[in-house]
Amino acid sequence: EKTQKVFPVFDIFYVYINGKKNIRKLCQKEKQYMYYLNNQKLVQEMAIVTEEINETIYLIKKLKDETCTFSKAFYILKKHYGFRSNAQLANKMNISESTIRNYLLGKNKPDKIETVLAICVGFSLHPAVSKIIMNKTGLTYLDKSLYSQMVIELILNRWYREDIEIINEKLRVLNVKFMIP
C-alpha cells in the first residue's frame with residue numbers, strides 16, 4: 001500500500017491510500033509528536049511577537065517624551081531602522097530627499113495626512129508608534145469623510161508593513177479620494 005498524503009485533524013488522521021480516503025486514530029506517540037510540532041510553531045511565533053512588542057515599547061518610550069519633537073522622532077526612527085542616507089529614506093517613502101532633510105533639521109514637518117501615512121508605512125511602524133508620530137505632526141484625519149477615516153485606520157493598523165505602491169493600488173480599488181505620495 002502506498003500512502004500519498006496525510007492530513008492531521010485532532011486525534012484522527014485522514015490517510016489517502018491509492019487515492020481512497022481512510023481514517024485511523026493516532027497512536028500516543030503520534031499525538032505527542034503532533035503536539036510537539038504545533039508547540040514549536042507556537043514558540044517561534046511567540047518569539048517574533050515578543051520581539052515586536054519589545055521593539056514597540058522601546059520606541060514608545062523614546063518618542064513619548066514631551067521634549068521629543070517631530071524632527072527628533074523622525075531622526076530616532078531613521079537610526080532605529082538603519083537608514084544610512086536620506087536618499088534611502090526618500091526612496092522608501094516616496095518623499096523628496098530635500099523634504100527628508102528639512103524634517104531632520106526641524107525646518108518643517110508634514111502638512112498633509114497622506115505624507116504622515118507615507119512615513120508610517122515607509123518605516124512599517126506599529127500602530128501605537130504611528131499614533132505618536134501623528135500627534136507630533138499636529139495633523140488629524142477627522143476632517144475626512146467617515147469612509148476615508150476608516151481606510152486610514154486600515155492603513156495604519158493592518159497594511160503598515162506593505163509597500164506604498166501596493167497600498168495605493170488597494171486605495172484605487174476602494175475608490176478613495178487620496179493616495180499616499
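**Exercise 1.** Is Ile57 buried, partly exposed or exposed, and what is its relative accessibility?

*Solution.* Start with the origin of the values: this is a predicted model, in which local features need pLDDT of at least 70 and side-chain atom pairs count only at pLDDT 80 or more, while totals for chains, interfaces and linings use all residues. Residues are numbered from 1 along each chain as its sequence is written, and side-chain values use heavy atoms, with hydrogens and water left out. Next, recall the classes: buried means under 20% relative accessible area, exposed means over 50%, and partly exposed lies in between, with a 1.4 Å probe and protein chains only. Ile57 has 40% relative accessibility, and therefore counts as partly exposed.

**Exercise 2.** Place Asn86 in its helix and describe its surroundings.

*Solution.* First find the element: Asn86 belongs to helix H3, residues 86–93, where a helix is a DSSP run of H or I with at least four residues, a strand is a run of E with at least two, and both are numbered from the N terminus. Then consider the cover: Asn86 has a relative accessible area of 16%, so it is buried. Finally, list the partners: setting aside neighbours within four places in sequence, Asn86 is in contact (heavy atoms within 4.5 Å) with Lys78, Glu97, Ile100, Arg101 and Leu104.

**Exercise 3.** Do the same for Gln149, and look for a polar atom of its side chain beside a backbone oxygen.

*Solution.* Gln149 lies in helix H7, which spans residues 146–157, and with a relative accessible area of 13% it is buried. Not counting residues up to four places away in sequence, Gln149 touches Tyr141, Leu142 and Lys144. For Leu142, the backbone oxygen is 3.2 Å from a polar atom of the Gln149 side chain.

**Exercise 4.** How many disulfides does the structure hold, and how accessible are Cys68 and Cys120?

*Solution.* A disulfide is a pair of cysteine sulfur atoms within 2.5 Å, and the structure holds 0 of them. Cys68 is buried at a relative accessible area of 3%, and Cys120 is buried at 1%.

**Exercise 5.** Describe the chain as a whole.

*Solution.* Begin with the elements, which number 8 helices and 3 strands, and read them along the sequence as β-β-β-α-α-α-α-α-α-α-α. Then turn to burial, where 34% of the 181 residues count as buried. Last, take contacts between residues at least 6 apart in sequence: 50% of these join residues at least 24 apart.

How values were computed. A polar contact is a pair of N or O atoms within 3.5 Å; within protein, one must be able to donate a hydrogen and the other to accept it, and residues adjacent in sequence count only if both atoms are side-chain atoms.
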